[in-house]
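Biologist: Could you walk me through this chain while I have it open? I'd like to start with how you decide that residues touch.

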Amino acid sequence: MQGVLGAFHELDAAVSAIEALKKNGPGLIRVFTPTPRHELEEAIAAPPSPVRRFTLIGGLLGVTFGYWIAIWVSDYWPLVVGGKPIASWVPYTVFGFEVMVLIGGLSTVVGLLINARIPRLTLMVGYDPRFSHGDYGVWVECTPEKARTAEALLREHGAVEVRRER
Amino acid sequence: MAATAKPIPARDEPRRPNIASADVQLPAVKDFEQVDREIVGTLHPTVAWFMGLGVAVFFLLIGIATWMYQIYSGLGVAGYNPPVMWGVYIITFVFWIGIGHAGTLISAILYLFRAGFRTTIYRCAEAMTVFAVMTAGLFPILHLGRPWKFFWLIPYPNWRYIWPQFKSPLVWDVFAILTYFTISSTFLFIGLIPDIAVLRDRENISPIRKRIFSVLSLGWRNTDNEWRHFARAYLFLAAFSTPLVLSVHSVVSFDFAMALTPGWHTTIFPPYFVAGAIFSGMGMVFTIIIPLRRWFGLKHYVTINHLDAAAKLCLFTSLVVGCAYMTEWFVAWFSGNEVEQSFFANRIWGQWWWSSAILYTCNMILPLTLFSQKLRRSPTWLFILSFTVNIGMWFERFVIVVPSLSHEFEPWQWTSYRPTWVDYGILLGSFGWFSMWFMLFIKQLPVIAIAEVKEILPPKLRKPHPHGIDSTGRHFEYEADTPGEYA
């Protein structure tokens with residue numbers, strides 16, 4: 001992986017650099033930011049996160065499993081309580097709900113880990129500790145031929161430091 | 001993740017103090033560097049912290065020694081007096097579960113409602129939830145005659161071919177609490193990841209600590225891609241936690257409401273328990289956060305405006321709980337049920353009058369002082385009140401458990417109950433256990449969410465704009481703190 005990294009002190013400078021880079025298209029853009037900002041989100045215009053699908057599928061699997069195990073166990077060891085049916089869905093709703101939340105919540109975390117590609121053992125090329133502190137970083141993944149254009153654009157929009165990385 | 005957006009007046013419209021958004025702002029926090037320096041600076045251990053931890057561990061050891069004695073001697077040493085076979089352990093179990101609820105309310109429900117004042121107090125409240133549930137989970141086990149058999153409540157294939165009874169509220173309880181603990185601790189950890197990355201990047205002294213933070217941060221790099229999925233996952237976890245927190249204490253209330261015992265068999269219990277839980281948790285939040293903001297020098301993060309807003313929530317839940325108490329009295333009278341009426345008379349004017357008096361004074365009368373803005377904005381009063389709320393809510397559970405069991409249907413069964421030193425020892429141990437985890441937490445991980453605080457600060461701009469940044473058409477305005485006091 002090779003490309004150019006620009007570090008910015010100011011948010012609006014980073015936003016305008018991203019917009020310019022997107023217009024000229026020298027390569028894939030990755031932004032480092034100490035905190036999520038709507039301005040950056042809109043400049044990058046990434047598609048909605050697919051984490052929601054993990055949540056939905058996990059929740060549905062959880063509620064199904066919750067009802068299933070309660071009903072199966074009741075049939076396996078039939079015991080009439082208070083004249084109610086062996087498999088009483090009303091009290092089992094409590095159990096179905098709890099397992100839905102449990103599996104749905106955990107699958108949301110799995111969705112986060114898969115999509116955000118964490119955990120990772122090494123920090124990616126271009127990462128700098130100042131990006132968790134207060135500065136914004138714009139990483140452009142590009143070939144050496146296009147790097148010159150990217151560098152020029154980053155400097156033009158106020159990058160305090162521009163460097164090539166590989 | 002923090003709430004930032006608010007409407008702005010037109011350019012020529014006269015400015016008015018924005019009291020509604022005062023609890024969002026941190027006027028004494030100037031930039032990101034200050035946030036990192038001051039919050040990370042709280043992590044250095046001090047002599048006072050070691051002393052506090054020592055006291056917590058001492059109380060915990062008392063609890064452990066008492067439990068050992070109880071295991072050796074049998075449950076009879078614990079003050080049970082048939083038919084009062086639920087006592088201090090179940091009371092304290094419900095108390096600690098309730099404490100946890102305010103944490104989830106602040107971290108999840110107020111997040112969904114975009115309540116700004118949660119930003120600087122939610123981390124403490126969330127950690128409080130996890131440790132309170134860890135404490136509560138011990139009590140059903142302590143209450144067992146053979147605690148080593150606790151796993152019989154979990155459905156797993158076994159040689160006896162016997163499965164738990166899924167129609168029993170006790171089994172619902174096991175799942176509700178395990179789910180609550182799992183989701184709360186997951187929610188806490190996920191929220192901590194970006195902050196642990198800050199600790200990793202700032203740690204330049206100890207390579208061991210740096211390595212630990214590197215592992216715990218999961219290699220977090222603050223990329224737009226990570227934040228995008230993080231924000232979505234955090235939102236869904238908050239959305240799951242919201243009904244979960246309401247369900248958990250409802251399920252705990254079913255432990256009582258499903259029984260035919262007078263005072264328990266009522267449909268008001270689930271909302272009554274949930275409101276009481278949030279009320280007691282708000283009390284504990286004040287007990288924790290007020291000394292912390294002072295000792296850690298974080299008064300300009302947890303401002304008077306934040307405390308004021310949290311006190312309003314405390315007042316509201318107190319009113320809901322008070323309404324539930326009055327509804328209980330009314331239903332007992334209106335039902336025409338003699339057993340229920342006799343039980344309530346005994347609870348209020350009979351042998352348990354003193355516990356009811358403590359309960360009503362602490363939970364209904366004293367919190368009314370929070371109608372006064374001056375008292376809501378007084379940390380000293382809030383701290384004192386938080387103790388009375390904690391005491392009042394413990395006695396609420398006492399009044400629910402003991403008077404009902406000691407005054408059931410048959411007069412010949414009517415009896416009394418007196419906890420023994422074993423009960424008190426284990427109760428003390430539970431506070432030691434909770435405090436020990438909390439003390440360890442506050443010196444290892446940030447008590448205020450660094451990334452979220454940075455979100456509510458105005459970002460550095462190349463070209464300052466009167467209404468904040470306008471490069472994407474959004475306006476995040478920064479106003480002076482109102483009504484003006486922050487320390």
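Modeller: Two residues are taken to be in contact if their C-beta atoms, placed from the backbone, lie within 7 Å. Keep in mind as we go that this is a predicted model.

Biologist: Fine, so which residues of H1(A) meet H6(A)?

Modeller: From helix H1 (residues 11–24) of chain A, the residues in contact are A:Ala17, A:Ala20, A:Leu21 and A:Asn24, and on the H6(A) side they meet A:Thr149, A:Ala150, A:Leu153 and A:Leu154. Sorted by class, this contact has 6 nonpolar residues and 2 polar ones, with no charged residues.

Biologist: And at what angle do H1(A) and H6(A) pack?

Modeller: The angle between H1(A) and helix H6 (residues 144–156) of chain A is about 150°, and their axes are 9 Å apart. Because angles over 145 degrees count that way, H1(A) is roughly antiparallel to H6(A), and the crossing of the two is right-handed.

Biologist: Switching to strands, is S1(A) buried or exposed?

Modeller: In strand S1 (residues 3–8) of chain A, 6 of the 6 residues are buried, so the strand is largely enclosed by the rest of the structure. A:Gly3, A:Leu5 and A:Ala7 point one way, A:Val4, A:Gly6 and A:Phe8 point the other way, and all of them are buried.

Biologist: Which strands does S1(A) pair with, and in what sense?

Modeller: S1(A) pairs in the antiparallel sense with strand S3 (residues 136–141) of chain A, over 6 bridges, and A:Val4 has A:Val140 as its bridge partner there. With strand S4 (residues 161–165) of chain A, S1(A) also pairs in the antiparallel sense, over 5 bridges, and in S4(A) the bridge partner of A:Ala7 is A:Glu161.

How values were computed. Residues numbered from 1 in each chain as written. Chains lettered and ligands numbered in written order. Predicted model: local features only at pLDDT ≥ 70, side-chain atom pairs only at ≥ 80, totals over all residues. Buried ≥ 20, exposed ≤ 12 C-beta atoms within 10 Å, placed from the backbone. Helix = DSSP H or I, 4+ residues; strand = E, 2+ residues; numbered from the N terminus. Pairing = 2+ DSSP bridges. Axes fitted to C-alpha atoms, helices over the stretch in contact; angles between N-to-C directions. Parallel < 35°, antiparallel > 145°, perpendicular 65-115°, else oblique. Left-handed = near helix turned anticlockwise from the far one by under 90°. Nonpolar A, V, L, I, M, F, W, Y, C, P; charged D, E, K, R; others polar.
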